[in-house]
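Biologist: Could you take a close look at one part of this for me, the place where the domains meet? Please keep it simple, as I'm still new to this.

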Amino acid sequence: MRTLYYIVTSALVRGLIGQGITAFVVYQGMVSLRNALGYDTTQGVYDEPSGVMAALISVIGFLLAAGVFTDWLKWIGGEDPPLKHGAQGRPEWTRYINVDVNHKVIGIQYGIASMVILLLGGLLAIIFRLELAMPGLQFLDGDAYNTLFSAHGIIMIVSIFSGIAAMINYLGPVMIGASDMSFPRLNAFSYWVSIPAATVLLSALVVGGWDTGWVAYPTHSTTTTMLGVQMFLLGFYINGFSSIASGLNMVVTTVYMRAKGMSYFRMPIFVWAAVSASILQATITQTVGLALTMVVAQRALGLEFFTPVTDPALIELGFPGGDPTLYQHLFWFYSHPAVYVWILPGLGVISELLPVFTRKPLFGYKWIALSSVGIALVGSIVWAHHMFTSGMPVTWKIPFMISTLFVAIPTGVKFFSWVATIWEGKMRFDTPMLFVLGAISVFLLGGLSGPILGTIATDMHLHDSYFVVGHFHATIFGGFVFPFFAAIYYWWPKATGKMYSEALGKLHFWIMVPGFWVMSLTQMRTGVLGMRRRIADYGPDLGIADEQALITVATLAIGWSILIMLYNLIVSLRSQEEAVPNPWGSRSPEFMSPSPLPEFNFDGPIQVIGEPYDYGLDDSTYVVPASAAGD
Amino acid sequence: MSAVAHDHDHHNPMEPTRSEQVKMNRLGLWVFCLSESFLFFALLGTRFYLWRNPVDGIIRPDLAQIPAFIFTGVLLASSYFMNRAEVAISKDDRTTFNYSMLLTAALGLVFLFGVVLVEWGLATGPELLLGDGAFGAVFYAMTGMHALHVIMGIALILIVWNNGRKGLYTAEDHWAVEACAIFWHYVDLVWVFFYPALYLIGTAIELHH
Amino acid sequence: MSEPTKSGSIYRRGNTAAFWLVVITVIELILALTFESAILLILLSIGKAGIILQVFMNISRLWNPEEHH
């Protein structure tokens, strides 16, 4: 009974109710207003401009009802409310469904959200993979298939953003020896705004679905009659607020909250990756926001950004028309670097964990640190390689091809460092290490298939084929999914104080990694043989039916292995056995403190007195409590 | 289960001091401005991408020059008074602070109504319609996105003015005023680029309706 | 604690900046109506932006936080 009360009065439930009521009231109000003004509001499953307005305002409804704005509203009134720490007299578990400013709570909130969304996105993938296992349409029609693959794309993207935010939030502050982020309330806002964003996004599935893929290129997205597209665009857009705010927060935190003695080149290497990703997130997200706004505005207000001018009289006068390639530029200016936002924290995890499990110093610390920045910078000037077949002048294509191939340099730096770190190390094959090695192998597959697509001549043939699907999944599994799982296993005892089962962890690994290799390589093969992406069906004479069935089997294997992981983790929470504070023999600051970490991470300030990755060297210390440093 | 150790001593041993927090706030606001710059640069990029034709190269719609020039001046003047308000509070000159803040907000409102009533033609009938191809789309997108920031800025100024009246800011500690000033000048900064891009640069194309 | 100042001397920096901003804006308008030079107009805008960033927004406080007016 108490439990039910705590759930019903939690910020999550209050927010959802607030969002629902706001959406309903605003929608009805807008429809009445538009009826009164003489517009026809009966076309489609809902009235589009009213729906857009309702979705936008409903986010504010959620945040007000959940109490995210409370402290800021008090500030407007001239008060200076202190930060609220702890569970406010409720049970500890309620912190995870209420607005909490602690970076570890927010990190775990993101982590849970990420896994829930991952399961949903994976489920959608499995549904359309079953459809694709055989030639011919079995149980989905075209619209359902289009909605499913479009939703799979964007839902997985939201899951990935939550996943990297989980890692950055949980680990970032404690790794630099801080008690929290620079702006704890903004941090809570970043998390909580992503919930109504997800609701708006998922509502797209209910109000008619959409068929534009996650890229939503005009002129299809501006003319499609599947009205779910508006909710998809808005959900995507609102999620951007979360990205920008959390990116900004991490940048400032890293600049100003590092422990004494922790110069930039003595930070844990994950922080370099996190901050590179954060700088990207805080800036480039704006351009996709604009691109999405433009599509929404063209659909709802009639601003013609993407419609070429056709009236001869206007052409005669010299009037300019819209241009669909404008959208592609704005979209990819964000969405290409965005994949680096997703993989940089993962690559940071690989570099972070390798020295621990090989008991050797990280090879070339400075090069690895700067290669993260390098990837972020070079990755920002390659976007138009997505548009080689969009009718771009050749004088634009060549520079973008060259810059694309340059990405291989900072990425190669990372690979060489990893190999050199492993070289002659005393390796321990615990589950996190296995996932790190799996990540390296899969990321290599993704990396090697990249230049083939970045080269204009080969891209002309492979563009929009399953080869791209295989390449993309390999980079994201290698750069995000496997390192994320490695991070979950590695920091699980730190975050919960409990140890998972090594046997189940290894089982997860030995199903998932081979499963993924089969899936990705077979996708690439079907692509070369002529399978297009985003197509619900293929002919039996294409000769890829066996491959398609194999991909489906591999997908199912991956799905089951993830369920094994979740089972393993959840069961471990109930075990009586407490994890030791530092099960891996790490030198990182978070392992100085007990597990789970205390509210403010450390008993007092800490101080850096040595190099971070001098594993296996005698008499070297990285961090000590500042009180013990003497100085 | 709890992933944060149960800890009843809710005192942060590493709480940032006020001056440390102000430094972080300042950088945070600048990173926000940098972030917004990507939005406004993308809008400028859109303007130069779309407002072209094969004959004249870069073009612009032939809009009335004098009102736009006057409103630009008004926004500039508001920025001037914002600066005056910030300097005043740092010297504890309350009277100048109060009237300068109000003047800033008032001039901001004049600019806003100038854009909405005159430039968008809600009062006089528009020179450029929403549906006028790329001219209408880009013009309304750029002025509209900027106007949205003007509205937020005016709200912020009024809040800070009100809190300032209550005596919440001192000559030493007036971060809220500084933040408000940085944001308002940033809005002005954006218009410094938008004004020539919309009204001055390129060959004027005559509008017929 | 500084006492209220009577003279306008503390506002001189802002006055000068505002004066130049107005002058450049007038030049912009005249240039646009006579020369149609995009490059010159963009350069003038960058100049104005520099004045605003330095004088009004005090960007240098980012790396020199103690500096005050």
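Modeller: Chain A splits into domain 1 (1-81 + 88-99) and domain 2 (100-438 + 453-627), with those bounds coming from an automatic or database domain assignment. A quick note on what you're looking at: this is a predicted model, where local features need pLDDT of at least 70, side-chain atom pairs count only at pLDDT 80 or more, and totals for chains, interfaces and linings use all residues. Residues are numbered from 1 along each chain as its sequence is written, while chains are lettered from A and ligands numbered from 1 in the order in which they are written.

Now, back to the two domains. Between the C-alpha centres of domain 1 and domain 2 of chain A there are 28 Å. Where they meet, 22 residues of domain 1 of chain A are in contact with 23 residues of domain 2 of chain A; "in contact" is said of two residues whose C-beta atoms, placed from the backbone, lie within 7 Å.

So who's doing the touching on the domain 1 side of chain A? Helix H2 (11-36) and helix H3 (48-66) of chain A each chip in at least two residues there. Helices here are DSSP runs (H or I, at least four residues), numbered from the N terminus. H3(A) gives the most to this side of domain 1, with eleven residues.

As for chemistry, that side of domain 1 of chain A has 13 nonpolar, six polar and three charged residues. Nonpolar covers Ala, Val, Leu, Ile, Met, Phe, Trp, Tyr, Cys and Pro, charged covers Asp, Glu, Lys and Arg, and the others, Gly among them, are polar.
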